[in-house]
Amino acid sequence: MAASPAYALIATDLDGTLLRADDTFSDRSLAALARVAAGGARHLVVTGRPAPRVRPLLDDLGSTGLAVCGQGAQVYDAGADRLLWSVTLDRELAETALGKIEAEVGQVYAAVDQDGVDGLTLIEPGYLMPHPTLPAVRVGRRDDLWCEPISKVLLRHPYLSDDELAVTARSVVSSLATVTMSGPGTVELQPCGITKATGLALAAGHLGLGPETTIAFGDMPNDIPMFDWAARGVAMANAHPELRAVADQVTLSNEDDGVAVVLEGLFREA
């Protein structure tokens, strides 16, 4: 097989994109990624999940290379089990941002992802994990969320939609934090200026690759910066309308192996 002359780097989101709803990879997706590797291209996971929550999935992929985690705040080396790069969200600033948001919309429920390869996900009373299979530690009060350095804050509102919460949050804290929406029930605050694109650019540069040879796959608005950076952006059929609007292509859903369908077309059998 020969690598596609157009794309030397394949950047894929996980949830809603490469992963199925049961947190597994299909055999077809694994076969397509093996074809990519045999063709000489590189695959990078680019996800909102923090490094500790990504490590088991990289094991399932057989990946010992780099991964972009925490919405771009972390570049993780799976083989060495260490962070090559990470940015934390100032905890006082995060607390201030939460206060500004609550002044506009009333009480929100918060969680945090701690920094580091062994960082925990902490959730305050009332917060419901959007992915119930992911491990989390419930704390007694909000102040307990700030006990260690964090990479991001996750927000949920008792009745506002994710879109409504994200719009309001951006309007009041855009100078303090980057606001993203990465999945159902997942509005997040991360370090100002940090996006999936910043992490992807760093990881790609480490591999000696650039945007001109990168194709990216995603399903949510947090993937828009990655699409803007890459030469081509492919949205899943199940993607949020904001991402579909800026995508160069729309493929099948994550449950129907949409990533594999595109990769099979790019990396054909010799």
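**Briefing: strand β1, the nonpolar cores and the open sheet**

Strand β1, which spans residues 9–12, is covered on both of its faces, with Leu9 and Ala11 buried on one side and Ile10 and Thr12 buried on the other. The model described here is a predicted one. Ile10 in particular links several parts of the picture, since this residue is among those with the most contacts inside the largest nonpolar core and also stands opposite His43 in β2.

**Strand β1 and its neighbours**

- With strand β2, made up of residues 42–46, β1 pairs in the parallel sense over four bridges, and within this pairing Ile10 stands opposite His43.
- The pairing of β1 with β12 is likewise parallel and runs over four bridges, and here the bridge partner of Ala11 is Ala216 in β12.
- Leaving aside residues up to four places away in sequence, Ile10 touches Val36, Arg42, His43, Leu44, Ile215, Phe217, Leu263 and Phe267.

**The nonpolar cores**

- The largest nonpolar core comprises 31 residues, and those with the most contacts inside it are Ile10, Leu14, Leu58, Tyr76, Phe217 and Leu263.
- At least two residues of this core come from each of α1 (14–18), α2 (27–38), α3 (51–61), β3 (66–69), β12 (214–218) and α9 (258–266), and α3 gives the most, with five residues.
- Another core, of 25 residues, lies apart from the largest one and includes Ala97, Val108, Leu145 and Trp146.

**The six-stranded open sheet**

- Six strands form an open sheet with mixed pairing, arranged in the order β8-β7-β6-β9-β11-β10.
- The edges of this sheet are β8 (137–138) and β10 (177–183), each of which pairs on one side only.
- Strand β6, covering residues 109–114, pairs with strand β7, covering residues 121–123, in the antiparallel sense over three bridges, and Asp113 stands opposite Thr121 in β7.

**Helices packed on the open sheet**

- Helix α4, residues 91–105, packs on the sheet and touches β6, β9 (150–156) and β11 (186–191), while its direction makes about 15° with that of β9.
- Helix α5, residues 162–173, also packs on the sheet, where it touches β9, β10 and β11, and its direction makes about 170° with that of β10.
- Strands β9 and β11 are therefore listed among the contacts of α4 and also among those of α5.

Key. Residues are numbered from 1 along each chain as its sequence is written. This is a predicted model: local features need pLDDT of at least 70, side-chain atom pairs count only at pLDDT 80 or more; totals for chains, interfaces and linings use all residues. Side-chain values use heavy atoms; hydrogens and water are left out. A nonpolar core is a set of buried Ala, Val, Leu, Ile, Met, Phe, Trp, Tyr and Cys residues joined through side-chain atoms within 4.5 Å. Buried means under 20% relative accessible area, exposed over 50%, partly exposed in between (1.4 Å probe, protein chains only). Contact means heavy atoms within 4.5 Å. Two strands pair if DSSP finds at least two bridges between them. Axes are lines fitted to C-alpha atoms, for helices over the stretch in contact, and angles run from 0 to 180 degrees between N-to-C directions.
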